[in-house]
Amino acid sequence: MPNKVAITGMGIISSIGNNVEDNFHALINGTTGITKTDYLNTIYKDTLKFGEVKLSNQQLESILELPTNHRFPRTSLLGAYAAAQAIESAGIKNINEVPTGLISSTSVGGMDKTEQYFYEYFENEAIRRFILSHDAGETSHQIADYLGIKGLVTTVSTACSSAANAIMMGARLIKAGKLERVIVGGADALSIFTVNGFNSLMILTDDVNTPFDNNRKGLNLGEAAAYIVLESERQVQKNNKKVLAYLSGYGNANDAFHQTASSENGEGATLAMQKAFEVSGLKISEIDYINAHGTATPNNDLSEGRAIQNVFGKKAPVFSSTKPFTGHTLAAAASVEAVYSILALQNNMVFPNKNFKIPMEELDLIPQTSLLEKPVHHVLSNSFGFGGNCSTLIFSKS
Amino acid sequence: MENLKHELKTKIIEALNLEDIAIEDINDDHPLFGDGLGLDSIDALELIVLLDKDYGIKLTDPKEGKTIFQSINTMAAYITEHRSK
Amino acid sequence: MNKCYINGIGCISAQKTFDGGFLNEVEVNTTEVIISAKNPDYKAFISPGAIRRMAKGVKMGIAASQYALKEAQVEIPDAIIAGTGMGCLQDSEKFLKAIIDNKEQYLTPTSFIQSTHNTVGAQIALNLQCKGYNFTYVNGAISLESALLDALLQIETGEAGTILAGGVDETSGHTMSLYELVGLIKHKDQVPMDILNPKTPAAVFSEGAGFFVLESQKKSTTYATLEAVGIYNTLRQNEVVSFIENFLTTNNLKPHDIDAVVLGNNGDVAFDGYYNEAERLFPSTPLVYYKHLSGEYNTATSFGLWTALHILKKQEIPQIIQKNQVTKHPIKRIILYNQYRGKDHSLTLLNHADL
């Protein structure tokens, strides 16, 4: 595999755990994190369920040891938390000793503050420092500053495929020799904006999400941050780094069908998967597990299911969506699921697609509903976003 | 019913930002979606909100909209029967 | 490694930059602190069914991309890569205001859908039925440069042969009011100003879109080659010189190899010092500035790039954008340097098409 890029570290915070180990234990024990919200001030607090990180902003600020006049919105708090974990996991002591960058992703950015203080900004001078924390790029800057990174910092924002695309661009920069190391991933906090946005599209369920089930009603929103560290082969050799897994393939394509809905024949998703195979040089039979996007919306699961059939025919490997555990964490989803894909490779396990009861009428596909121990050498992970943005990543055992 | 149909046409033009369309251009019988007026699934969601906000009718399944929003006539009939405002 | 040719450009801005000319008719702002972009007839580019939902940024982006594609004689590119600092502000504000004013009731989805950051790139793809790679970068003043860097790498390696890359930002009422609150925008009594000799902080804000067709083949319409893009998150003023020197060295160049420097001075006395530092490396080089014509926005470097490309093609620098009196003939290499409030530093290196 000439195109693979080494992954040497990872960090995550989600509704099922504040670190990699806790997330892993939740996955193998079947402990989901979909609950009523403790922190969101929304009219839906009693009717909808969320994959919420059970740490308040104050608690996160305290753990991160931020000064009192900081201007980190919740997305930055989650992001800095997970990114710092990733760096530690990669054994990086001096962050700028070699060209190191950060490519983060987010859809929410500082929206939680913007919506909280929409009118209050005009009356209250003390909170105005959050005005400049609104845009997506600012959260990346804050995370980079927190980690002490000096160098290339940028942000991808392509809705729910964002973190996969950040990972792809990171890989591209490593292969081109522009960077020796890059921290890639994404962060998104829950916000009233997204709750109401998704609700207006009528794609939220008032229950728990049931991916690939014939009676699925929609998604649960979640929040999370997850980052992986990509390093050049030179760095891996020089420092005798432990490689957690390899990013061996990736592809991005556009459905060009509709702004929010995916095409019924899953064309964009099909193209993305095919591109990932081309980059990896792998045969379809070599994929041992698909971590699906599987949001449990009527539209996504049909489109994705068709795309899986287009690519794999009748030979689809075991697949599952882990969104019953975490909810749909939007921009962070692909990096959360990258961490889970790496855990699958390291532990030879396929995580269950919970809440599934009835197979979809249109498809010949049934997800893996229980934890499965089997040799896992290659994992394919899908993430699809609004605007027809379809991304696929392939991870391989080290 | 005629007043309601006229009212609906005005509201649709405004809610969906159909700048180049006049009330006279919307035929009571013609399909609103697809080939007729050319509305799409996003417009359907907008109309669902309109039903709730202006007529007190709550649709929980967006698929119900397909039959209700077929034409001005079907919309007016449905609203007349189910409105609470 | 393939060369990366810029074969088509489209620019919408506070000036009439979409009519094919190069600053023939110029309006220098003396009264406004927030300037709207001049508009082509958007209906010529977008169907009525689609245009009814679009805010200004999306319209500007689509129009600019159409100009660029037409010039380069490209129907469908292999990839579309967009950059935006603030995304679709107008729809974002509209949806947010509706949430707050209506206490989360009776919300309609259109403005939410239109508010996602990748809407421009997605709409362009939908319009063209382009199913290729489609990314959007949202990182302040290096949003466009991130898109250019991504495109450059793909052209160089042959991953793609034709890429549409560009930047767009729109002004919007609520956000501009917030910017005024925190002192990012000049006060009305601070204009007109001499942008090159600033006495007050903040900048005059504007909006615009600049899209470019990058290809691995040279064409009769080629403006220049994109040689390199450098991005750096934060620098002190005394680090600018080494930032630029290192960038040039990596590209086997010295400062005297550069024939024109395009700088992003925006009249902010607190931060334009960065450009004074940059100038120290180029004492005998034509210095170009443009934000007195474009105004400031995260992707205003699209105007700077549009300017640099015209300079290379026409081999002349209009007086209204030249800071000093130095002339150089021929103009073979141009470097652009930009930053915003000490962050998001970028360097873009262009070569003449025949170099």
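**Close-up 1. Residues of α7(A) meet residues of α3(C) in this predicted model.** On the chain A side, the residues that take part are A:Ile192, A:Phe193, A:Asn196, A:Gly197 and A:Ser200, and their partners in α3(C) are C:Ser92, C:Phe95, C:Leu96 and C:Ile99. Sorted by class, this helix-to-helix contact holds five nonpolar and four polar residues, with no charged ones.

**Close-up 2. The crossing of α7(A) and α3(C).** Here we look at how the two helices are set against each other. Helix α7 of chain A spans residues 192-200, and helix α3 of chain C spans residues 89-101. The helices pack at an angle of about 90 degrees, and their axes lie 10 Å apart. Angles of 65 to 115 degrees count as roughly perpendicular, so α7(A) and α3(C) are roughly perpendicular to each other.

**Close-up 3. A salt bridge joins A:Lys150 and C:Glu239.** The side chains of these two residues meet with an N to O distance of 3.5 Å. Between chain C and chain A the count is five salt bridges. Polar contacts between chain C and chain A come to 29 residue pairs, with both residues at pLDDT 80 or more.

**Close-up 4. The side of chain C that touches chain A.** Several elements of chain C give two or more residues to this side, among them α3, α4 (110-115), α6 (143-157) and β10 (343-352). The largest share, eight residues, comes from α3(C). By class, this side of chain C has 28 nonpolar, 23 polar and 12 charged residues.

**Close-up 5. The whole contact between chain C and chain A.** Chain C brings 63 residues to the contact and chain A brings 66. About 5,300 Å² is buried between the two chains, and carbon and sulfur atoms give 63% of that area.

Key: Residues are numbered from 1 along each chain as its sequence is written. Chains are lettered from A and ligands numbered from 1 in the order in which they are written. This is a predicted model: local features need pLDDT of at least 70, side-chain atom pairs count only at pLDDT 80 or more; totals for chains, interfaces and linings use all residues. Side-chain values use heavy atoms; hydrogens and water are left out. Axes are lines fitted to C-alpha atoms, for helices over the stretch in contact, and angles run from 0 to 180 degrees between N-to-C directions. Helices (H or I, at least four residues) and strands (E, at least two) are DSSP runs, numbered from the N terminus. Angles under 35 degrees count as roughly parallel, over 145 as roughly antiparallel, 65 to 115 as roughly perpendicular and the rest as oblique. Contact means heavy atoms within 4.5 Å. Ala, Val, Leu, Ile, Met, Phe, Trp, Tyr, Cys and Pro count as nonpolar, Asp, Glu, Lys and Arg as charged, and the others, Gly among them, as polar. Buried area is the accessible area (1.4 Å probe) that two parts lose on being put together, summed over both. A salt bridge is a side-chain nitrogen of Lys or Arg within 4 Å of a carboxyl oxygen of Asp or Glu. A polar contact is a pair of N or O atoms within 3.5 Å; within protein, one must be able to donate a hydrogen and the other to accept it, and residues adjacent in sequence count only if both atoms are side-chain atoms.
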